[in-house]
Amino acid sequence: MSMENTALPQLTQGELEVMDILWSMNHDLTRTEILPLVEEKFHRNWKIQTLSTYLAHLVEKGVLKYYRKGVYFYYQVLIPKKEYKALETKRFLKFWYNNSIDELIMGLTDEKVLSEEDTKIIEGLIDELDN
């Protein structure tokens, strides 16, 4: 599913955590497979109904679909992580920094978010782009 011409669905932190698990796997999962992975990675103590609610919201938002195989429902990712990250980054840049990379970098440096090593890495990346 390409989201180039569609609005980016707003995902909650819990929904992002579920998506992160699904994105990290190379196959579709059932909710009983997802639950322990969320517990392990994010230290969540969710009940199965909580996970089911998140999964239903993700299906409604069009980022997942499900299908039945035997007695189990499997959840399948519709938006690749790379595509979602790119769209989320664009939205973040537009909202917080008026689509300005300059403002983003200045914000990072003004708030001392970047270490000296980070600054050198950015300078190296810029040098690579110039060559």
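Arg44 is partly exposed in this predicted model, with a relative accessibility of 31%. The side chain of Arg44 forms a salt bridge with Glu17, and the closest N and O atoms are 2.7 Å apart. Arg44 sits in the loop between helix H2 (31-42) and H3, while Glu17 belongs to helix H1, so the pair ties together parts that are 27 residues apart in sequence. The partner is placed quite otherwise with respect to solvent: Glu17 counts as buried, at 6% relative accessibility.

**Other charged pairs**

Side chains of opposite charge can pair when their charged atoms come close. In this model the count comes to six salt bridges. Another of them joins Glu15 and Lys61, with 2.8 Å from N to O. That pair links distant parts of the chain, 46 residues apart: Glu15 is in helix H1 (residues 13-24), and Lys61 is in the loop between helix H3 (48-60) and strand E2 (64-69). Glu15 is buried, at 1% relative accessibility, whereas Lys61 is partly exposed, at 32%.

Lys120 and Glu116 also meet in a salt bridge, at 3.6 Å from N to O. Here the setting is a single helix: both residues lie in H6 (residues 116-130), four residues apart, which is about one turn of the helix. Lys120 is exposed, with a relative accessible area of 53%, and Glu116 is exposed as well, with 61%.

Here are the three pairs side by side.

| Salt bridge | N to O distance |
|---|---|
| Arg44 and Glu17 | 2.7 Å |
| Glu15 and Lys61 | 2.8 Å |
| Lys120 and Glu116 | 3.6 Å |

**The network around Asp20**

Which residues are linked with Asp20 in a network of salt bridges? They are Lys41 and Lys81. Asp20 is found in helix H1. With a relative accessible area of 15%, Asp20 is buried, because the cut-off for that label is under 20%. Setting aside neighbours within four places in sequence, Asp20 is in contact with Lys41, Phe42 and Lys81. Asp20 and Lys81 are 61 residues apart along the chain, yet their C-alpha atoms are separated by 8.1 Å.

**Where H1 meets H2**

Two packed helices are described by the angle between their axes and the distance between the axes. For H1 and H2, the axes come within 10 Å and cross at roughly 110 degrees. The two helices are therefore roughly perpendicular to each other. On the H1 side, the contact involves Glu17, Val18, Asp20, Ile21 and Leu22; on the H2 side, Ile34, Leu37, Val38, Lys41 and Phe42. Sorted by character, the residues of this contact are seven nonpolar, no polar and three charged. Glu17 and Asp20 are thus among the H1 residues that meet H2, and each also takes part in salt bridging, Glu17 with Arg44 and Asp20 within the network.

**The nonpolar core**

The largest nonpolar core has 21 residues, and those touching the most other members are Val18, Met19, Ile34, Leu51, Leu55, Leu58 and Leu64. H1, H2, H3 and helix H4 (81-97) each supply at least two residues of this core. Which helix gives the most? H1 does, with five residues.

Ile34 is a handy residue to follow through the core. Not counting residues up to four places away in sequence, Ile34 touches Val18, Ile21, Leu22, Leu29, Leu51, Leu55 and Tyr75. Among these, Val18, Ile21 and Leu22 are also H1 residues in the contact with H2.

Terms used. Residues numbered from 1 in each chain as written. Predicted model: local features only at pLDDT ≥ 70, side-chain atom pairs only at ≥ 80, totals over all residues. Heavy atoms only, no water. Salt bridge = Lys/Arg side-chain N within 4 Å of Asp/Glu carboxyl O. Buried < 20%, exposed > 50% of the residue type's maximum accessible area, 1.4 Å probe, protein only. Core = buried A, V, L, I, M, F, W, Y, C linked by side-chain atoms within 4.5 Å. Contact = heavy atoms within 4.5 Å. Axes fitted to C-alpha atoms, helices over the stretch in contact; angles between N-to-C directions. Parallel < 35°, antiparallel > 145°, perpendicular 65-115°, else oblique. Nonpolar A, V, L, I, M, F, W, Y, C, P; charged D, E, K, R; others polar.
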